[in-house]
Each structure stands twice: as structure tokens, then as C-alpha cells.
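Trainee: Could we go through this structure together, one question at a time, with the reasoning spelled out?

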Amino acid sequence: MRQLTREELAVDPIDAAKLLLGAVIESTSPEGVVAVRLVEVEAYRGGDDPASHCYRGKTPRNEVMFGPAGFLYVYFVYGMHFCANIVSLTDGVPGAVLLRAGEVIEGKDLARVRRPAARSDHELAKGPARLTGVLGIDRTQNGVDLTSPDSTVRIYAGDTDEKIHAGPRVGVAVAMDVPWRFWIDSPAVSTYRRGG
């Protein structure tokens, strides 16, 4: 597999989202390696996107999202789950792609240990919190360089010739109808829930 470069990811989040469909995110830990093929993502911009964490400017929480591209932005939500984003755009301009769902293609035994409630393989990484769970991603990976071969979490180019679907993002309280959620056909795609 070929690792994606910072230059490839330094594009509009909508373009980065489409690039990431079919890509593989791989995480290495003392327990082993888990790799997930991405099948669903959401794009978020900065100052012109009221659903983005960067809409009101830079804070200690969201500063990774201001670039440069190719870094992992991890945040804690609802006091219980971690979500992971890949930073896009150019240094100083905020934008990222939320990793919503994927198919575990390596390390299924470890993924099952981390997600024992999953009833089938396609449910292992079906949703952003499940995806980070199977990869073992938490706040300690915030700011990891996904383009470095020495990183504990890496992103690899994938198959992008499948039909890409688009629709509203999931669970956002504003800009609910903006069609910046993208997915390819897979049973691992998460269930759509309108925000508001």
C-alpha cells in the first residue's frame, strides 16, 4: 500500500473526503495492528461551516484542525466516545474529514476484543466511535502525523473508483442539510440520523 502524502490531503475537505473513501487507516499498538478500509466520511470546513469545531476560531481543543494537513484530530464527545478526523486544507486554514465508518481488513481478532458487543464483522467499525474503538485511538493520538511511516497511525491510498454517494451529515445541530457526508456501498456504513 502507498501512504498518502501531506500534499494529497492539503485540499478542500470535500475533495479530501472523496479521496479518503476506500483508503485504509492502520493503527499499531502493543496489542497488534488493526487496519480499516474507510467507507463513510464527513467533510467539515472552518469559518464558513457552522457545524465545524473551528467555526468560532482556534482553541486548544481544535488547534490541530488548523493544519498542516495529514494530522489526526481526535476529540471526545458526549463524555464517552472518541472521534477521529484527518486534517485537510493548507496550514493555518481549518478543515478536516470525520472518519465515520469502515470495514476491518486486518486485525479482526483484536478488533473483536476491542468491540465485543459487535454482532457481526461489518458492525465492528460502523460509526465514528466504533471505528476509533477498533483502532485503539484515543486522545493520546491527537496530532499524530498520518503521513509519516514511523507514526503509530497511518493513512494509505485506496480504491476510489466506486460510486460515491452524498447526503446530509449525521447528528449535527446546525447546517443539517449540507450534503457533505460521503459513502460507498458497504454494510458497514452507519445509520443516518438527522441532527437538530
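Trainee: Which residues of helix 4 (residues 128–135) are buried, and where do they fall when seen down the axis of the helix?

Mentor: In this predicted model, the buried residues of helix 4 are Pro-128, Leu-131, Thr-132, Val-134 and Leu-135. Seen down the helix axis, these buried residues fall within an arc of 165°, so they line one face of helix 4.

Trainee: What do the buried residues of helix 4 pack against?

Mentor: Contact here means heavy atoms within 4.5 Å. The partners include strand 1 (24–29), strand 2, strand 4 and strand 5, and among them is also helix 3 (108–114).

Trainee: Is Ser-88, in the loop between strand 4 and strand 5, buried or exposed?

Mentor: A residue counts as buried when its relative accessible area is under 20%. Ser-88 has 0% relative accessibility, and therefore it counts as buried.

Trainee: Which residue has its backbone oxygen 3.4 Å from a polar atom of the side chain of Ser-88?

Mentor: Not counting residues up to four places away in sequence, Ser-88 touches several residues, including Leu-9, Val-11, Asp-12 and Pro-13. The backbone oxygen that lies 3.4 Å from a polar atom of the Ser-88 side chain is that of Val-11.

Trainee: What is the relative accessible area of Leu-89?

Mentor: Leu-89 lies in the loop between strand 4 (81–87) and strand 5 (96–106), and its phi is near 65°, a positive value in a residue other than glycine. Leu-89 is buried, with a relative accessible area of 17%.

Terms used:
Residues are numbered from 1 along each chain as its sequence is written. This is a predicted model: local features need pLDDT of at least 70, side-chain atom pairs count only at pLDDT 80 or more; totals for chains, interfaces and linings use all residues. Side-chain values use heavy atoms; hydrogens and water are left out. Helices (H or I, at least four residues) and strands (E, at least two) are DSSP runs, numbered from the N terminus. Buried means under 20% relative accessible area, exposed over 50%, partly exposed in between (1.4 Å probe, protein chains only). The arc is that of the directions from the helix axis to the C-beta atoms. A polar contact is a pair of N or O atoms within 3.5 Å; within protein, one must be able to donate a hydrogen and the other to accept it, and residues adjacent in sequence count only if both atoms are side-chain atoms.
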